[in-house]
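Here are my notes on the model you sent, set out as numbered points. They begin with the term on which the strand pairings rest and then move from the overall picture to the sheets, a helix and the cores.

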Amino acid sequence: MRAFIGVSVAVWLVGGGLMPAQAQQAAGAQPVAGTHVWLVPPAGFTPAPGLTGLRSGAAVLQVFDGQGGNYYRQAGSFTATRFAARGGQVLELQDVSAGSYPGRLARVRQSGTQETTQVLFGDSTFAVLLEARYPASDTATATALRRSMLGARYQKNADSNSQSATIFQFDEDKTPFQFAQAEAGTLYYTPKGQPRAENTPTVAVRLADYNLGITLADISQQMLQRYPALRGYTVRKLSSAKVNDLLTYETEGFAQLNGQRVLVYQQVSVIGNTAVSMVGIAQAEVENTLTQFKDLTHTITPKRRKP
């Protein structure tokens, strides 16, 4: 289950890079909670609950970081053709240097009102994607975000603490699925928390920005596009209802994955201005596993903050 990050598409990555003292050399550099990345926030940008990155009004800078990737392999798919296939108009695509590492920068028009700038950087042992979304007319913010991303640093030995940074919680006692690992801004849950393997049923949880200008069906489709290896996905059931008082959209169906028919289940629930996408994929005993997926995802509630 590996995927390339395109326009809003996440990569499963591996950490590597600078030590803490090096990461702090840039004046004003701050660690991004839930990642190994340090950067200088653009003026007015602050951490936002549920977002692995920073926000200022309608503009967002999100960081995707984790284990299992290779910059050179990922950069081969960081192309104009890939962005265009996902409906984006490529305005700029060039090689850059980010945090002393080779990188690729893409500026893409998503619609008449929104742009994204993405920077992918790393080496043969890791890759990181920084994705900024902002109003297309706000050139000052676009420039500030670009400067921040190109100045990013990677700290290999930092504790990203991805699970503790989340805004949600599950009742894992109600299902065999338990937290297994965190990678690339994604939390993975497997039976009894066992290591992920090709045939292991897995629930992958990712966060997305949510606002009233986008529907949960749109977010559902965007998040499923983060699995380009899934082919021919056909929905057999969908519903829109509340789960634990959270606005929720659910789909289930079948697709081809590496030549095998698999069950694909997704639940998208909204907490504040964040959509939590939970995608379960199973190859065997699909109906029983579907029930177990729901036994986990239907327990989602906002995380209780310590007093």
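1. Two strands are taken to pair if DSSP finds at least two bridges between them. The model is a predicted one, and the term matters for statements such as this one: in β5, the bridge partner of serine 56 is alanine 59.

2. Overall, the protein has six helices and 19 strands, and 52% of its 307 residues count as buried. Its accessible surface comes to about 13400 Å², with carbon and sulfur atoms contributing 49% of that area. Among contacts with a separation of 6 or more, 55% are between residues 24 or more positions apart.

3. One open sheet has three strands in the order β1-β2-β10, paired in the antiparallel sense; its edge strands are β1 (30-31) and β10 (153-154), each of which pairs on one side only. β1 is joined by two bridges to β2, residues 37-39, and here proline 31 stands opposite tryptophan 38.

4. A second open sheet has seven strands, ordered β3-β4-β5-β9-β8-β7-β6 with antiparallel pairing, and the strands at its edges, pairing on one side only, are β3 (46-47) and β6 (89-98). Helix α4 (residues 139-150) packs on this sheet, where it touches β5, β6, β7, β8 and β9, and its direction makes about 170° with that of β9. Within the sheet, β7 (residues 101-109) and β8 (residues 114-123) are paired over seven bridges, with leucine 105 opposite valine 119.

5. How many of the residues of β5 are buried? Six of the six are, so the strand is largely enclosed by the rest of the structure. Ala59, Leu61 and Val63 point one way, whereas Val60, Gln62 and Phe64 point the other way. In a regular strand the side chains alternate between the two faces of the sheet.

6. β5 has partners in β4 and β9. With β4 (residues 53-56) the antiparallel pairing runs over four bridges, and the two strands form a hairpin with two residues between them, in whose turn glycine 57 has a positive phi of about 60°. With β9 the antiparallel pairing runs over five bridges, one of the matched pairs being valine 63 and leucine 130.

7. In helix α5 (residues 216-224), the buried residues are Leu216, Ile219, Ser220, Met223 and Leu224. They span an arc of only 130° around the axis, which puts them on the same side of the helix. An α-helix has 3.6 residues a turn, so residues three or four places apart point the same way. The cover over the buried residues of α5 includes β14 (202-209), β15 (230-243), β16 (246-257), β17 (260-271) and β18 (274-282).

8. The largest nonpolar core holds 24 residues, of which Val37, Leu39, Leu61, Phe121, Val128 and Leu130 touch the most other members. β2, β5, β6, β7, β8, β9 and α4 each supply at least two residues of this core, and the largest share, five residues, comes from β9. Leaving aside neighbours within four places in sequence, phenylalanine 121 has contacts that include Tyr71, Ala98, Tyr101, Phe126, Val128, Leu130 and Tyr154. A second, separate core has 23 residues, among them Leu246, Val286, Leu296 and Ile300. In soluble globular proteins, nonpolar side chains tend to be buried together.

Methods: Residues are numbered from 1 along each chain as its sequence is written. This is a predicted model: local features need pLDDT of at least 70, side-chain atom pairs count only at pLDDT 80 or more; totals for chains, interfaces and linings use all residues. Side-chain values use heavy atoms; hydrogens and water are left out. Contact means heavy atoms within 4.5 Å. Axes are lines fitted to C-alpha atoms, for helices over the stretch in contact, and angles run from 0 to 180 degrees between N-to-C directions. Buried means under 20% relative accessible area, exposed over 50%, partly exposed in between (1.4 Å probe, protein chains only). The arc is that of the directions from the helix axis to the C-beta atoms. Accessible areas come from the Shrake-Rupley method with a 1.4 Å probe; for residues, only the protein chains shown count as cover. A nonpolar core is a set of buried Ala, Val, Leu, Ile, Met, Phe, Trp, Tyr and Cys residues joined through side-chain atoms within 4.5 Å.
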